[in-house]
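User: I am a first-year student and would like a close look at a single part of this structure, the sheet and its surroundings. Please explain it in one connected answer.

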Amino acid sequence: HGAADAFVDGYKPKPGTGAWAILVALEQLTAEQGPYGGGTFEIDTIKDVVKARGLCNVTMVSHRGEKCGWDGNKTLVQHDLIARQKNSFRGAHGLTGIKDEFNITEKGRVL
């Protein structure tokens, strides 16, 4: 894999954006966890790392439905740079269950 191979479809997140911050945070978390970790992380863990390490130029938390840096996760999933495990489900009283988890893909590691 070369860096050029990873972004064949032309999409590469710009440094400081929410998508870039999510990708970097997942790469760092995975590296810190080591080879025997599960490699998946909950939304809150990713957001905490992004905030603590100053990876994003915009807020990762939506305020009153406004767009935020976290919205970049959808684009990363579309381009197969990260994967999402849907653990939550919508019940009669809103979102229930454990939180969704994310992991970086082989394609995403080439950042």
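Analyst: An angle between two elements is taken between their axes, which are lines fitted to C-alpha atoms, and it runs from 0 to 180 degrees between N-to-C directions. The model discussed here is predicted.

With that definition, the sheet can be placed beside its helix. Helix H2 lies across S1, S2 and S5, and it runs at about 85° to S5. The sheet itself is open and is formed by three strands in the order S1-S5-S2, with antiparallel pairing. Its edge strands are S1 (41–42) and S2 (82–85), each of which pairs on one side only. As general background, strands of a sheet pair through backbone hydrogen bonds, either parallel or antiparallel. Strand S5 (residues 101–104) is joined to S1 by two bridges, and these two strands run antiparallel. Within this part of the sheet, Phe41 stands opposite Phe102 in S5.

The helix that crosses the sheet comprises residues 18–33 and includes Val24. Val24 counts as buried because its relative accessibility is 12%, and buried means under 20%. The C-alpha atom of Val24 is 9.3 Å from that of Gly108, although the two residues are 84 apart along the chain.

Helix H2 also takes part in a salt bridge. Arg53 and Glu32 form this pair, with their closest N and O atoms 3.0 Å apart. The pair links distant parts of the chain, since Glu32 is in helix H2 and Arg53 is in the loop between H3 and H4, 21 residues apart. Arg53 counts as partly exposed, at 38% relative accessibility.

At the other edge of the sheet, strand S2 contributes to a further group of charged residues. The side chains of Arg84 and Asp100 meet in a salt bridge, at 2.6 Å from N to O. This pair, too, links distant parts of the chain: Arg84 is in strand S2, whereas Asp100 is in the loop between strand S4 (94–96) and S5, 16 residues apart. Asp100 forms another salt bridge with Lys86, the closest N and O atoms being 3.8 Å apart. Lys86 is in the loop between S2 and strand S3 (89–91), 14 residues from Asp100. Arg84, Lys86 and Asp100 are thus linked in a network of salt bridges. The members of this network have contrasting surroundings: Asp100 is buried, with a relative accessible area of 3%, Arg84 is partly exposed at 35%, and Lys86 counts as exposed at 61%. A search of the whole structure finds five salt bridges.

The chain just before strand S2 also deserves attention. Asp80 is found in the loop between helix H4 (72–78) and S2. Its phi is near 60°, a positive value in a residue other than glycine. Asp80 is partly exposed, with a relative accessible area of 43%.

Lys47, in helix H3 (residues 43–52), offers a contrast with the charged pairs above. Lys47 is buried yet has no salt bridge. The reason lies in distance: the nearest side chain of opposite charge, Asp44, is 5.4 Å away, whereas a salt bridge requires the nitrogen and oxygen to be within 4 Å. Leaving aside its neighbours within four places in sequence, Lys47 is in contact with Met60 and Trp70.

How values were computed. Residues numbered from 1 in each chain as written. Predicted model: local features only at pLDDT ≥ 70, side-chain atom pairs only at ≥ 80, totals over all residues. Heavy atoms only, no water. Helix = DSSP H or I, 4+ residues; strand = E, 2+ residues; numbered from the N terminus. Buried < 20%, exposed > 50% of the residue type's maximum accessible area, 1.4 Å probe, protein only. Lys, Arg positive; Asp, Glu negative; His and termini not counted. Contact = heavy atoms within 4.5 Å. Pairing = 2+ DSSP bridges.
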